Amino acid sequence: MSSEVMRMSTLFLRTLRDNPADADVDSAKLLTRAGYIRKIAPGLYSWLPLGLKVLNRIESVIREEMASIGAQEVHFPEMVPRAPYEATHRWEEYGENIFRFKDRHGQDYLLAPTHEEMFTLMVKDMYSSYKDLPVTLYQIQNKYRDEFRPRAGLIRGRQFIMKDAYSFTIDKEGLVKCYDEERAAYRRVFDRLGVKYEIVHAISGPMGGSESEEFLAPLAIGEDTFAKSPSGKAWNVEALSTTTPDPVDFANTPAATVRPTPDAEKLSGMIKTANEKYPREDGRSWQESDILKNFVIAVKHPEDDDHKEPWREIVAIGVPGDRQVDMKRLEANFAPCEIEEATDEDLKKHPELVPGYIGPMVLGPQARREGSGIAEPVKYLLDAHIARGSAWFTGADKDGEDYYDLVWGRDFEADGIVEAVQVRDGDMSPDGSGPLSFERGVEIGQVFQLGLKYSNALGLNVLDQNGKSVPVWMGCYGIGVSRVMACIAEFHHDERGLAWPVVVAPAQVHVVATGKDPKAFDAADKLVDELHDAGIDVLYDDRTGKVSPGVKFKDAELIGVPLVVVVGRDTVNNGTIEIRDRDGSNDEAVPVEQAAARIRERVAALK
């Protein structure tokens with residue numbers, strides 16, 4: 001059995017006692033301090049020998065599970081040409097999130113964020129018949145995204161390592177089968193790696209396709225929020241659909257009126273003025289939930305068949321006053337477009353929009369009515385939490401004036417419904433099983449049923465059983481390999497350092513030789529040789545001179561190998577070797593001649 005001994009006297013390693021000043025999460029702090037990675041620029045890390053050991057073990061688990069479902073490994077260049085990404089519109093859709101550049105001949109290239117186009121074209125080049133299918137291909141490869149604000153060490157970097165797989169089948173049934181196989185393989189991968197995860201319904205985003213699920217590691221440092229229902233189902237909040245509220249009977253709602261509400265550009269001013277000047281007849285105070293806020297955004301469209309360059313669309317969104325707009329959820333409704341809050345320049349092009357007093361009567365269907373006088377009506381969408389027939393306190397499109405009792409379905413209409421606001425504890429789950437609860441998570445994997453998007457865009461067709469040319473059905477499946485390593489570190493550490501699961505640890509045993517007596521080092525050398533011969537990977541702290549036992553023990557705790565073996569004073573004085581788990585538990589002293597056998601037993605028990 002092949003094994004390796006790493007000697008700390010020669011290992012390219014330097015541990016740090018203090019946390020790096022710019023490390024913002026535990027994994028980044030500990031991986032840097034323990035000598036696994038080194039930061040060279042925001043979002044860019046170099047891998048050191050110990051880090052590559054862990055990374056390679058993670059990749060080995062992934063490769064084993066990919067092989068178990070018949071997936072075959074390939075490898076593409078990281079630098080790829082523009083043309084395929086232009087054919088799928090992703091050259092534009094990715095916006096500023098990708099690294100683009102020209103070669104010396106003026107040809108456009110990018111550093112690939114994903115390789116759907118490359119996989120599709122490779123299969124197109126080599127396969128032409130249904131008899132060639134199904135096939136699943138994958139790679140483990142560097143990817144690049146020009147993150148505006150890299151953070152959390154390996155969790156959100158500008159260069160990262162990803163495993164991406166693609167299935168190619170003759171029909172949708174084949175796609176679903178491959179999707180289920182890959183999904184099951186992902187569960188086995190994460191279970192073996194010791195990573196906690198939740199499977200949540202997700203959106204496809206720039207990837208395209210229909211069905212999609214994310215594997216999220218439940219960590220408070222995560223950028224994704226997911227919702228859980230009492231039934232056990234979970235959703236990324238961007239993919240969460242709101243239960244349609246029951247319509248409201250507005251038969252007894254008074255006619256809408258316009259009343260002066262001066263100095264009320266903000267909600268607090270609207271409520272204060274309304275309660276002072278126009279108290280409600282039912283005795284209840286006006287509240288934020290009575291207000292319809294109209295929020296204006298700019299939708300940044302990529303170039304398309306009708307527009308030869310990117311273009312900007314102004315859209316108004318009506319939301320309940322007691323809820324905050326969630327820009328990520330809102331943007332998911334406009335994918336692959338990006339959105340941002342409308343600028344002053346945007347608003348100047350629409351003089352009917354009075355800041356602080358924007359109302360529905362100059363938007364959407366109302367603005368398109370004959371005689372409205374509005375040259376370029378702004379599309380109007382309502383948040384999904386708003387019930388048809390509900391009455392609102394909202395802007396009257398004149399400075400200092402607001403509508404009271406303006407009813408959706410009686411007084412105004414909208415162009416559509418959109419998921420625009422933050423969801424919160426107590427909201428009803430989409431499956432109707434009860435109120436939602438929320439957690440944060442880090443995305444470590446995602447599976448997509450891409451369908452025919454890339455096949456159609458790039459002309460991937462094969463001849464079916466009847467000799468007819470048909471497009472190939474595709475699935476896409478990704479794991480963030482370097483991100484998974486960071487998540488393992490987040491789950492497996494304590495105040496003293498890392499504590500790797502044995503399946504990914506850089507070694508299975510950390511042998512620490514202490515003291516100045518040569519007999520201890522001789523005994524340690526002999527033990528290390530026995531362990532090596534038994535196929536056990538060993539990290540051997542054989543440093544002599546001024547490296548004290550205290551420093552060696554602190555390094556052992558920081559580095560986090562699962563089993564620590566101490567050869568020192570007790571070995572010289574009474575012929576025993578100390579064996580303990582990394583956390584200090586299961587401490588035992590065994591005779592020198594029995595140590596190798598006992599260590600093998602302890603290592604086997606950890607697997």
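**Exercise 1. Which residues do ring pairs link into a cluster with Tyr186?**

Start with the rule: rings of Phe, Tyr and Trp (its six-membered ring) pair if their centres lie within 6.5 Å. Following such pairs, you get a cluster of Tyr186, Phe190, Tyr197 and Phe215.

Before going on, know your model: it's predicted, so local features need pLDDT of at least 70, side-chain atom pairs count only at pLDDT 80 or more, and totals for chains, interfaces and linings use all residues. Residues are numbered from 1 along each chain as its sequence is written, and side-chain values use heavy atoms, with hydrogens and water left out.

**Exercise 2. Work out whether the rings of Tyr186 and Phe190 are stacked or edge-to-face.**

Step 1: the cut-offs. Planes under 30 degrees apart are stacked, over 60 edge-to-face, and the rest tilted.

Step 2: the values. The centres are 6.2 Å apart and the planes stand at 80°, so this pair is edge-to-face.

Step 3: the surroundings. Buried means under 20% relative accessible area (1.4 Å probe, protein chains only). Tyr186 has 0%, so it's buried, and Phe190, also at 0%, is buried too.

**Exercise 3. Find how H1 and H12 are oriented where they pack.**

Step 1: helices here are DSSP runs (H or I, at least four residues), numbered from the N terminus. H1 covers residues 26–33 and H12 residues 481–491.

Step 2: their angle is about 95°, with the axes 8 Å apart. Axes are lines fitted to C-alpha atoms over the stretch in contact, and angles run from 0 to 180 degrees between N-to-C directions.

Step 3: angles of 65 to 115 degrees count as roughly perpendicular, so H1 is roughly perpendicular to H12.

Methods
Buried < 20%, exposed > 50% of the residue type's maximum accessible area, 1.4 Å probe, protein only. Helix = DSSP H or I, 4+ residues; strand = E, 2+ residues; numbered from the N terminus. Parallel < 35°, antiparallel > 145°, perpendicular 65-115°, else oblique.
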